[in-house]
Amino acid sequence: MHDFVVVGAGSAGSLVAGRLAETGANVLVLEAGGRDTSMLIHMPAGFHKLLVHGRFLFPYETEPQSQLDGRARSLPVGKGLGGSSSLNAMCWVVGQPRDYDAWQAAAGSEAKWSFDDLLPHFRKIEANQLLDNEFHGNSGPVHVSFPPKINPLNAAVVRAFQEAGLPFNADYNGAQQRGVSLVQSNFFDARRYSSAVAFLHPVEKQPNVTVETGALVHRLLFEGDRVVGVEYSQRGQFRHAMADEVIVSAGALNSPRILMLSGVGPEEELRKFGIQVRHKSPDVGNHLQDHDGRR
Ligand SMILES: Cc1cc2nc3c(=O)[nH]c(=O)nc-3n(C[C@H](O)[C@H](O)[C@H](O)COP(=O)(O)OP(=O)(O)OC[C@H]3O[C@@H](n4cnc5c(N)ncnc54)[C@H](O)[C@@H]3O)c2cc1C
């Protein structure tokens with residue numbers, strides 16, 4: 001019996017597990033993929049190769065897209081400790097205050113999702129190598145740096161945008177996002193700072209933390225209306241893990257998948273696959289928006 005089971009050790013799961021572990025809680029992390037031992041993960045230049053190595057990815061594809069003349073496109077999703085933070089492009093982009101403020105407005109006054117609420121957390125996780133001001137932290141576990149070298153092509157692109165009328169913005173994670181900028185990246189000294197590196201590995205050896213890899217969670221286990229554990233498979237065997245609380249942090253595609261396999265989702269869709277409906281929730285598995293898909 002655990003205090004917490006964390007499903008998926010990606011960007012969110014590694015952070016949540018790390019923070020819970022610091023409180024002394026007994027935490028079990030179940031991650032479908034493997035350990036993040038490959039040099040390609042930790043060496044920033046390995047990024048492009050990671051995308052062709054199947055073992056670090058769920059090889060998802062979209063449905064045919066009308067906006068793409070009916071073509072489907074690949075939808076890579078990270079698999080393994082660190083999840084997508086172990087294979088993403090490491091661009092450190094905090095986002096626009098008005099997006100967070102819209103979440104706050106949608107979630108209601110009890111929630112703490114506004115930009116002002118979240119900024120202290122952003123500052124807490126960051127160790128920016130250059131900037132030190134109200135928007136940036138300097139002592140967090142995620143090291144963030146500017147490009148160590150600006151090659152002639154980078155410089156030409158930055159100048160070209162300015163010639164086209166876009167202002168130069170020295171810090172798009174500062175007061176204003178708009179403009180052409182040099183990218184800030186969560187790497188430093190030729191090493192990627194994934195969420196697993198920053199939050200999970202530092203606590204992994206603690207006696208209150210267990211990290212299982214190759215552990216694919218299939219569904220949540222219920223007692224009445226309460227989730228009391230998960231069913232997962234590992235090395236060909238089905239297992240149960242019981243906990244006071246289960247945190248589903250398996251990513252934007254796999255979290256709703258687990259919910260739906262557990263009977264939480266749109267009734268019609270669940271019945272179509274013979275899944276017992278536990279909680280009708282028509283929005284689960286719907287409304288996915290990719291960040292560049294908005295108009
Ligand atoms: C190629 C690529 C490049 C990107 N570049 C950037 C970038 O430069 N900057 C940026 O900010 N964002 C970038 N992103 C997006 C960013 O990485 C993701 O938004 C973020 O990592 C999502 O975090 P998450 O915790 O929701 O999911 P993930 O980090 O994907 O973690 C989910 C974890 O759950 C595990 N899991 C899934 N299903 C199960 C299951 N059934 N049982 C157990 N475990 C399971 C997965 O293996 C994975 O480890 C990029 C993403 C990709 C794929």
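Let me start with Glu22, which is exposed, with a relative accessible area of 54%. This is a predicted model, so please hear every value as computed from it. Glu22 pairs with Arg19 through a salt bridge, 3.7 Å from N to O. Arg19 is partly exposed, at a relative accessible area of 23%. Why do these two sit about one helical turn apart? Because they are 3 residues apart in helix α1.

Salt bridges are a good thread to follow, and the count here comes to 6. Another one joins Lys272 and Glu269, with N and O at 3.4 Å. Again we have about one helical turn between partners, since Lys272 and Glu269 are 3 residues apart in helix α9. Lys272 counts as exposed at 60% relative accessibility, while Glu269 is partly exposed at 33%. Glu269 also has its C-alpha atom 9.8 Å from that of Gly285, 16 residues away along the chain. And there is a network of salt bridges that links Glu267, Arg271 and Lys280.

Now for a pair that reaches across the sequence. Arg35 and Glu204 form a salt bridge whose closest N and O atoms are 2.9 Å apart. Arg35 lies in the loop between β2 and α2, and Glu204 in the loop between α7 and β9, so this pair ties together parts that are 169 residues apart in sequence. Arg35 counts as partly exposed, at 38% relative accessibility, whereas Glu204 counts as buried, at 19%.

Staying in that loop between β2 and α2, we come to Asp36. What does a buried Asp36 do without a salt bridge? The nearest side chain of opposite charge belongs to Arg35, and that is 4.7 Å away. Asp36 does have a polar contact of 2.8 Å with the side chain of His201.

Let me move to the ligand, which I suspect is what many of you came for. There are 29 residues around the ligand, and those that come nearest are Ser11, Ala12, Glu31, Ser84 and Asn88. By class, the shell divides into 15 nonpolar, 12 polar and 2 charged residues. Which elements supply at least two residues of that shell each? They are α1, β4, β10 and α8.

On to atom pairs. The side chain of Ser84 places an N or O atom 2.7 Å from an oxygen atom of the ligand. A polar backbone atom of Met90 is 3.3 Å from a ligand oxygen, and a backbone N or O atom of Cys91 lies 2.9 Å from a ligand nitrogen. How much of the ligand's area does the protein bury? Taken alone, the ligand exposes 1,000 Å², and 78% of that is buried by the protein.

Since α8 contributes to the shell, here is a little more on this helix. Its buried residues are Asn254, Ser255, Pro256, Ile258 and Met260. After α8 comes Gly263, with a positive phi near 90 degrees.

That brings me to backbone angles, my last topic. Most residues other than glycine have a negative phi. Asp69 has a positive one, near 55 degrees, and sits in the loop between β3 and β4. Arg235 also has a positive phi, of about 45 degrees, and its place is the loop between β11 and β12. Are these two buried or exposed? Asp69 is exposed at 71% relative accessible area, and Arg235 is exposed at 68%.

Conventions:
Residues are numbered from 1 along each chain as its sequence is written. This is a predicted model: local features need pLDDT of at least 70, side-chain atom pairs count only at pLDDT 80 or more; totals for chains, interfaces and linings use all residues. Side-chain values use heavy atoms; hydrogens and water are left out. A residue is near a molecule or strand if one of its heavy atoms lies within 4 Å of it. A polar contact is a pair of N or O atoms within 3.5 Å; within protein, one must be able to donate a hydrogen and the other to accept it, and residues adjacent in sequence count only if both atoms are side-chain atoms. Accessible areas come from the Shrake-Rupley method with a 1.4 Å probe; for residues, only the protein chains shown count as cover. Helices (H or I, at least four residues) and strands (E, at least two) are DSSP runs, numbered from the N terminus. Ala, Val, Leu, Ile, Met, Phe, Trp, Tyr, Cys and Pro count as nonpolar, Asp, Glu, Lys and Arg as charged, and the others, Gly among them, as polar. Buried means under 20% relative accessible area, exposed over 50%, partly exposed in between (1.4 Å probe, protein chains only). Lys and Arg count as positive and Asp and Glu as negative; His and the chain ends are not counted. A salt bridge is a side-chain nitrogen of Lys or Arg within 4 Å of a carboxyl oxygen of Asp or Glu.
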